Every structure is written in C-alpha cells, then in structure tokens.
Amino acid sequence: MKKLYLLTLTTIFLSSCVSKKEFANLEGKYKSTKQELVNVKASLQECLIEKDKNANLAASNELQMQAMQDQVSSLKEDKKQALKQVENLTVLTQSSSENIKNVIAQLSEKDKYINGIREAMTQKDSINLAIKYHLTKELAEGIQDKDIQVDVEKTVVYISIADKLLFKSGSASVSDKAKSVLGKVAKVISSRPEMEVQVEGYTDNVPISSATMKDNWDLSTSRATSVVRVLQDDYKIDPKRLIAAGRSEYVPIESNDTAEGRATNRRTRIVILPKLEEFFDILEQKP
C-alpha cells in the first residue's frame, strides 16, 4: 500500500514538473510574440507615416509639374509676341534706316558748324589777348600810372582811364597830357581796323549844373564824345568804328560815400570789341 502511494506521489510530481516547463516555454513564446507584435505595429506606423510623406510629395510634385507646364505655356506665348515684335522692328528698321542716315549726316554738319563758331571765338580771344599785350606795352612806355587799367573779358578788351588823367573837374575838354595817352591807345586801335571802339563816360553821384551841363548825363556823354573826337580828328580813327556813350552816375564800381570811391567812379572806359554784324553773320550761316 505504501509503495503504491509513493508511486502515485512520484507520478504526480513528475507530471507537475513537466507542466511547469511547458508553461515556461509557452510564456517565453508569448513574450516573444508580444514583442514581435509591438515591433510590427511600430513598423506599420512608420510605413503609414512614410506613406503620408510620399503622398504629400507626390501632390507637391504634381503642383510643381502643373506650374512648370503653365510657365512653359507662358514662355511659348511670350516667344510668339517677341517674334511679332522682332518682325515689326525689322520693318521699322528697314523703313527708317534712311532717316537715321540723314540724322547722322545733319549732326555731322552741326558739329562742323559748332566747331567753326568755336574756332572763330578762339581766334577772337587770341586777337584780344594780343591787343591787351600791345596796349599794356604801349601804355607802360612813359606812363606808369595805376589809374590806367587794361582787362580782357570774354571777347572784349576794356581800357579804363581815371578822369583825372583826361579832364579837369566838371569839364569835358581833353587835356594835352591825356591826348598822349589816347595816342598810344589809337596806335593799337589802328592796327585792328576790323574791330569797333566804344567810349563810355562815367561820373560819381555829385550833382552838376552849369551853363553847358544840366546833369551828370550831360557830363558823361560830353566826355565820351570829346574822347571820340580826339581819336577821330587827331589820330584819324575811322568814325564808322567809333561809338560814344554816357552812363552818368548809375554804374558805379565803388561806393560814392567816400572821396576815394567817387574818384574811382569818375572814369572813361574805352571798349574794343568785334563788330557784331560779323558775329551775327557767323551765326546765320546754315550748318
């Protein structure tokens, strides 16, 4: 009886041991399968994400493709328009080529015209500089006086002589000493018969009234006329070249508030200038 009981217990124990091993195996397989399932789910999720990305990329590519097709269509249309414009320009170029040639020819003629004027002006400038040189040289010989000034401005030579060298106060009679000064000026003027000579009289603002002079207009004009008569009568300057002008007190170069300023303003200016009709002849020449 005892043996049978022990045998039964042994059988049960052995049977119990086999079941635990199988359970452990099954449990191991379960865990492995569960992990595989987790991995599969993760892979599936990644696949779904990748699928969405591919779908978005495909949609974007499709939009880009459509945009490129639209751009190609636009470029084709632009090309057609450009070809039309080229055709139109070709027609215009052919029809206007002669006009362009004519314009270029006219511009060339105008350049020659302008260059001619420039050469004339340069020649005038050179002549005036030469006149200034000879005047300065002539006046410097025997006359050293700061009251005689020679200047060149553009195409005109100016000789400014203080009235104390030419006239007595309030008088329009040229002194003998002044005639020697005017003789030196006349020598240079005679060497340039193509140029005109304008004599301008200026006064200060001190009023004058006498039997022969009503005001400074009379005085300035009379003094200019006296100088012109000396150039004409004593030095044989052609009267057609001479101009007498009075400027009275209205063009001062210094203030009339001081004695020095008034003395400076009392002056006679001899202007040597090219004949205006000659210059106008140049301008009227057709280019």
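**Notebook: rings, core and a few single residues**

I searched the whole structure for aromatic pairs and found one. The model I am working on is predicted.

The pair is Trp217 and Tyr250, with ring centres 5.6 Å apart. I looked up the angle between the planes and got 35°, so I log the pair as tilted. Planes under 30 degrees apart would have counted as stacked, and over 60 as edge-to-face.

Next I checked where the two rings sit. Trp217 belongs to helix H3, residues 216–234. Tyr250 is in the loop between strand E4 (242–246) and helix H4 (259–265). The two are 33 residues apart, and the pair links distant parts of the chain.

Are these two buried or exposed? Trp217 has 40% relative accessibility, so I note it as partly exposed. Tyr250 reaches 54% and therefore counts as exposed.

I then looked at a charge over a ring. Arg267 lies over the face of Tyr202. The distance to the ring centre is 3.9 Å.

**Core**

I moved on to the largest nonpolar core, which has 27 residues. Which of them touch the most other members? I list Ile161, Leu182, Val199, Val227, Leu231 and Ile270. Two or more residues come from each of these elements: strands E1 (148–153), E2 (156–162), E3 (195–202) and E5 (267–274), plus helices H2 (176–190) and H3. H2 gives the largest share, six residues.

I picked Val199 for a contact list, leaving out residues up to four places away in sequence. Val199 touches Ala224, Val227, Val228 and Leu231. Ile243, Ala244 and Ala245 are also on its list, as are Thr268, Arg269 and Ile270.

**Asn216**

I turned to Asn216, which is in helix H3. Its relative accessible area is 5%, so I enter it as buried; the cut-off for that is under 20%. What does its side chain reach? I find the backbone oxygen of Val206, at 3.1 Å. Leaving out residues up to four places away in sequence, Asn216 touches Thr203, Asp204, Asn205, Val206, Pro207 and Ile208. Ser248 and Glu249 are on the Asn216 list too.

**Ser169**

My last entry is Ser169, in the loop between E2 and H2. Its relative accessibility is 79%, so Ser169 counts as exposed. I also looked up its separation from Arg266. The two are 97 residues apart in sequence. In space, C-alpha to C-alpha, Ser169 and Arg266 are 9.7 Å apart.

Notes
Residues are numbered from 1 along each chain as its sequence is written. This is a predicted model: local features need pLDDT of at least 70, side-chain atom pairs count only at pLDDT 80 or more; totals for chains, interfaces and linings use all residues. Side-chain values use heavy atoms; hydrogens and water are left out. Rings of Phe, Tyr and Trp (its six-membered ring) pair if their centres lie within 6.5 Å; planes under 30 degrees apart count as stacked, over 60 as edge-to-face and the rest as tilted. Helices (H or I, at least four residues) and strands (E, at least two) are DSSP runs, numbered from the N terminus. Buried means under 20% relative accessible area, exposed over 50%, partly exposed in between (1.4 Å probe, protein chains only). A charge sits over a ring if NZ of Lys or CZ of Arg is within 6 Å of the ring centre and within 35 degrees of the ring normal. A nonpolar core is a set of buried Ala, Val, Leu, Ile, Met, Phe, Trp, Tyr and Cys residues joined through side-chain atoms within 4.5 Å. Contact means heavy atoms within 4.5 Å. A polar contact is a pair of N or O atoms within 3.5 Å; within protein, one must be able to donate a hydrogen and the other to accept it, and residues adjacent in sequence count only if both atoms are side-chain atoms.
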